[in-house]
Amino acid sequence: MQKISKRTRVLATGVALAALGAGAFGAASANAAPAAAVAKADVKNKNTMQTTHLTIKAATKAAEATLKAAEKENQRVSVAVVDRNGNTIVTLRGDGAGPQSYEAAQKKAFTAVSWNAPTSELAKRLTNAPTLKDIPGTLFLAGGAPVAAKGAPIAGIGVAGAPSGDLDEKFAQAGVAELAK
């Protein structure tokens, strides 16, 4: 093995320390630059509002109760729970549920929370307002039920896959009822 001279070791240590120092300076500079460009985003309370949302635990509890109600009647369905903005909180695809049921359940849940009404009722409104069905993400078939708190919609439960929309909606209502317990 070749011996390294003391001069070489001192020189190598100096180069390593210089590289570390340069790296630390670069990291500090990179972190400092964007902070100066960020504007303050604090807003006054009069410009905000508070809303009520289901927790993931409550949404899961409702979805499981919905799926259980369907399984009791030997139905293979998918269940979706969406928040007030139509964003999916949880979905469950029951064993043997059809491939179309997953998306249909989400759309029914979205439709129910958007109009704060069961989708079976909304389907009846299509005779007077047929263009409603042209709104993206909606599905005007029975099987969606809104979830409300203090009179305002906070979520929707959609079910799809049973032989009829009436059955889908019956199971969705079981999920809504679970949240009232």
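## Exercises on a predicted fold

Asparagine 116 is partly exposed, with a relative accessible area of 33%. The model is predicted, and the exercises below work through its loops, its sheet and one helix pair.

**Exercise 1. Place asparagine 116 and asparagine 74, and state the phi of each.**

Solution.
- Step 1: locate asparagine 116. It lies in the loop between helix H3 (101–115) and helix H4 (119–125).
- Step 2: read its backbone. Phi is near 50°, which is positive although the residue is not glycine.
- Step 3: classify its exposure. Partly exposed covers the range between 20% and 50%. Asparagine 116 has a relative accessible area of 33%, so it is partly exposed.
- Step 4: turn to asparagine 74. This residue sits in the loop between H2 and S1. Its phi is near 55°, again a positive value in a residue other than glycine.
- Step 5: classify asparagine 74. Exposed means over 50%. Asparagine 74 has a relative accessible area of 69%, so it is exposed.

**Exercise 2. List the elements of the protein in order from the N terminus.**

Solution.
- Step 1: count them. There are five helices and four strands.
- Step 2: order them. The run is α-α-β-β-α-α-β-β-α.
- Step 3: add two totals for the protein. Of its 181 residues, 34% count as buried. Take the contacts between residues at least 6 apart in sequence: 63% of them join residues at least 24 apart.

**Exercise 3. In what order do the four strands stand in the sheet, and which pairing do they use?**

Solution.
- Step 1: recall the rule. Strands of a sheet pair through backbone hydrogen bonds, in parallel or antiparallel fashion.
- Step 2: read the order. The open sheet runs S2-S1-S4-S3, with antiparallel pairing.
- Step 3: find the edges. Strand S2 (88–93) and strand S3 (144–149) each have a single partner strand, so one side of each lacks a neighbour in the sheet.
- Step 4: check the twist. Neighbouring strands are turned by 15° against each other on average, direction ignored.

**Exercise 4. How many bridges join S1 to S2, S1 to S4, and S3 to S4?**

Solution.
- Step 1: take S1 with S2. Five bridges join this antiparallel pair. Valine 79 stands opposite leucine 92 in S2.
- Step 2: look at the turn between S1 and S2. The two strands form a hairpin with four residues between them, and glycine 86 in the turn has a positive phi of about 85°.
- Step 3: take S1 with S4. Six bridges join strand S1 (residues 78–83) to strand S4 (residues 152–160), and the two run antiparallel. Aspartate 83 faces alanine 155 in S4. Valine 82 has glycine 156 as its bridge partner.
- Step 4: take S3 with S4. This pair is antiparallel over six bridges. Alanine 149 is partnered by alanine 152 in S4.
- Step 5: look at the turn between S3 and S4. This hairpin has two residues between the strands, and lysine 150 takes a positive phi near 55°.

**Exercise 5. Are the residues of S1 buried or exposed, and which way do they point?**

Solution.
- Step 1: recall the pattern. Side chains of a regular strand alternate between the two faces of the sheet.
- Step 2: sort the residues. Ser78, Ala80 and Val82 point one way from S1. Val79, Val81 and Asp83 point the other way.
- Step 3: conclude. Six of the six residues of S1 are buried, so the strand is largely enclosed by the rest of the structure.
- Step 4: repeat for S4. Eight of its nine residues are buried, so S4 is also largely enclosed by the rest of the structure.

**Exercise 6. Describe the packing of H2 against H5.**

Solution.
- Step 1: choose the descriptors. Two packed helices are described by the angle and the distance between their axes.
- Step 2: apply them. The axes of helix H2 (residues 56–72) and helix H5 (residues 165–179) come within 7 Å and cross at roughly 140°.
- Step 3: name the geometry. H2 and H5 are therefore oblique to each other. The crossing is right-handed.
- Step 4: list the contact residues. H2 gives Ala58, Lys61, Ala62, Ala65, Thr66, Ala69 and Ala70. H5 gives Phe171, Ala172, Ala174, Gly175, Glu178 and Leu179.
- Step 5: sort them by character. Nine are nonpolar, two polar and two charged.

Conventions
Residues numbered from 1 in each chain as written. Predicted model: local features only at pLDDT ≥ 70, side-chain atom pairs only at ≥ 80, totals over all residues. Heavy atoms only, no water. Axes fitted to C-alpha atoms, helices over the stretch in contact; angles between N-to-C directions. Parallel < 35°, antiparallel > 145°, perpendicular 65-115°, else oblique. Left-handed = near helix turned anticlockwise from the far one by under 90°. Contact = heavy atoms within 4.5 Å. Nonpolar A, V, L, I, M, F, W, Y, C, P; charged D, E, K, R; others polar. Pairing = 2+ DSSP bridges. Buried < 20%, exposed > 50% of the residue type's maximum accessible area, 1.4 Å probe, protein only.
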